[in-house]
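Here are three short exercises to work through with the model open beside you. Try each one before reading its solution.

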Amino acid sequence: MSKVASREIRLASRPKGIPTAANFSLAQVELEPPQDQQVLVRNLFMSVDPYMRGRMNDGKSYVPPFALGEPLEGGAVGEVINSRANEFKPGDAVTSNFGWREFFIASPKDLHLVSREIQPLSVYLGALGMTGMTAWAGLNLVEVKGGDVIFISGAAGAVGNVAGQLAKLRGCRVIGSAGSMEKVEFLREECGFDIAFDYKTGPILEQLNLEVPDGIDVYFDNVGGETLEAALSVLKVHGRIIACGGISGYNEEKPRPGPSNLFNITTKRLTMKGLIVRDWLDRQGEFEKEAGGYFRAGKLKNKETVVAGIVQAVDAFIGLFAGKNIGKMVVKLV
Ligand SMILES: NC(=O)c1ccc[n+]([C@@H]2O[C@H](COP(=O)([O-])OP(=O)(O)OC[C@H]3O[C@@H](n4cnc5c(N)ncnc54)[C@H](OP(=O)(O)O)[C@@H]3O)[C@@H](O)[C@H]2O)c1
């Protein structure tokens, strides 16, 4: 087998504030044919995710920073082209963390076989992938149950819309905030949210007081900042917070002061739990069975915004911070 040409996106410089195209470069490499115990994969879809912004900084965190001049990493779903390992054969669909490139060579332990029966395969980056699993893990983290009133921020995004759909399936009353009327309609009409509002049209606390005057039991935090502060005010006694994300602060050059009303945690005996989806990998099979079952039964929708071509991947990533996606933002590579 001859060499394979593959384009990849590299980190050219560390962003200051909101990333720009100049922070990235597109390069082409030639891959040697796979050796024993190696598999050649062509990516079909790759994921762009807000957490990647944190890895572009040069700081210590729960994952190491991306290296300058090296290809970025991230979730992807692809097709095996050539295999010199017994575990995989050409045509198999696999997920990996080798996104941001068209082709790659990996050892079998870095690939996860997925069923081609479920289509489009990009669902393994969304409702049945890392973001869907984050939603599922968050609900389990604070034991969300029927009858709970749950408020979800970033609700029309990848994690948020699945969290809302799964909470509805558990019998919760679900409230969501999102950044446009189109997203609000999506939540109400396609995801079954009981209440949804556009957080850009007025102070979030006022909107919550109006929509849920009796308060909320659970807050699923995807954004932090003003929304977290408002949620702290409307949580009931013994309320729970899933601390999943804080996208409103990811591009801040200096961290903003935290919520001014944190003392609510004491007075209302609140529980706030941090979530890192990776900690839940030993329960991935359980998630795939539950969410896959709902998906096959038509009870869980996989909404996505699809951008075509590796040359659009950087714009798709930057677009996350301008709210350009409804559902999961994915890049179609083939
Ligand atoms: N802890 C974990 O293991 C884990 C795993 C996955 C994701 N996360 C976190 O979960 C959150 C959602 O991730 P996702 O993959 O589902 O992304 P996403 O919600 O699909 O995309 C990002 C969305 O965030 C909203 N947004 C952007 N800037 C904002 C701002 N300044 N204030 C408020 N909202 C803003 C935009 O929607 P609007 O139009 O509504 O503003 C945008 O569409 C992120 O914070 C992410 O880091 C955590």
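**Exercise 1.** Leaving aside neighbours within four places in sequence, find which residues Asn-261 is in contact with (heavy atoms within 4.5 Å).

*Solution.* Step one: the contacts are Glu-229, Leu-232 and Ser-233. Step two: look at the Asn-261 side chain, which reaches the backbone oxygen of Glu-229 at 2.8 Å. Step three: place Asn-261 in the loop between strand S12 (235–243) and helix H7 (264–267); helices (H or I, at least four residues) and strands (E, at least two) are DSSP runs, numbered from the N terminus. Before going on, note that this is a predicted model, where local features need pLDDT of at least 70, side-chain atom pairs count only at pLDDT 80 or more, and totals for chains, interfaces and linings use all residues. Residues are numbered from 1 along each chain as its sequence is written, and side-chain values use heavy atoms, with hydrogens and water left out.

**Exercise 2.** Decide whether Asn-261 is buried or exposed.

*Solution.* Step one: buried means under 20% relative accessible area, exposed over 50%, and partly exposed in between (1.4 Å probe, protein chains only). Step two: Asn-261 has a relative accessible area of 14%, so Asn-261 is buried.

**Exercise 3.** Work out how many of the twelve residues of H2 are buried.

*Solution.* Step one: H2 covers residues 130–141. Step two: the buried residues include Thr-131, Met-133, Trp-136 and Leu-141. Step three: the count is eleven of the twelve, so H2 is largely enclosed by the rest of the structure. Step four: just after H2, find Glu-143, which takes a positive phi of about 50°.

Conventions: Polar contact = N/O pair within 3.5 Å; in protein donor to acceptor, adjacent residues only side chain to side chain. Expected span 1.5 Å × (residues − 1).
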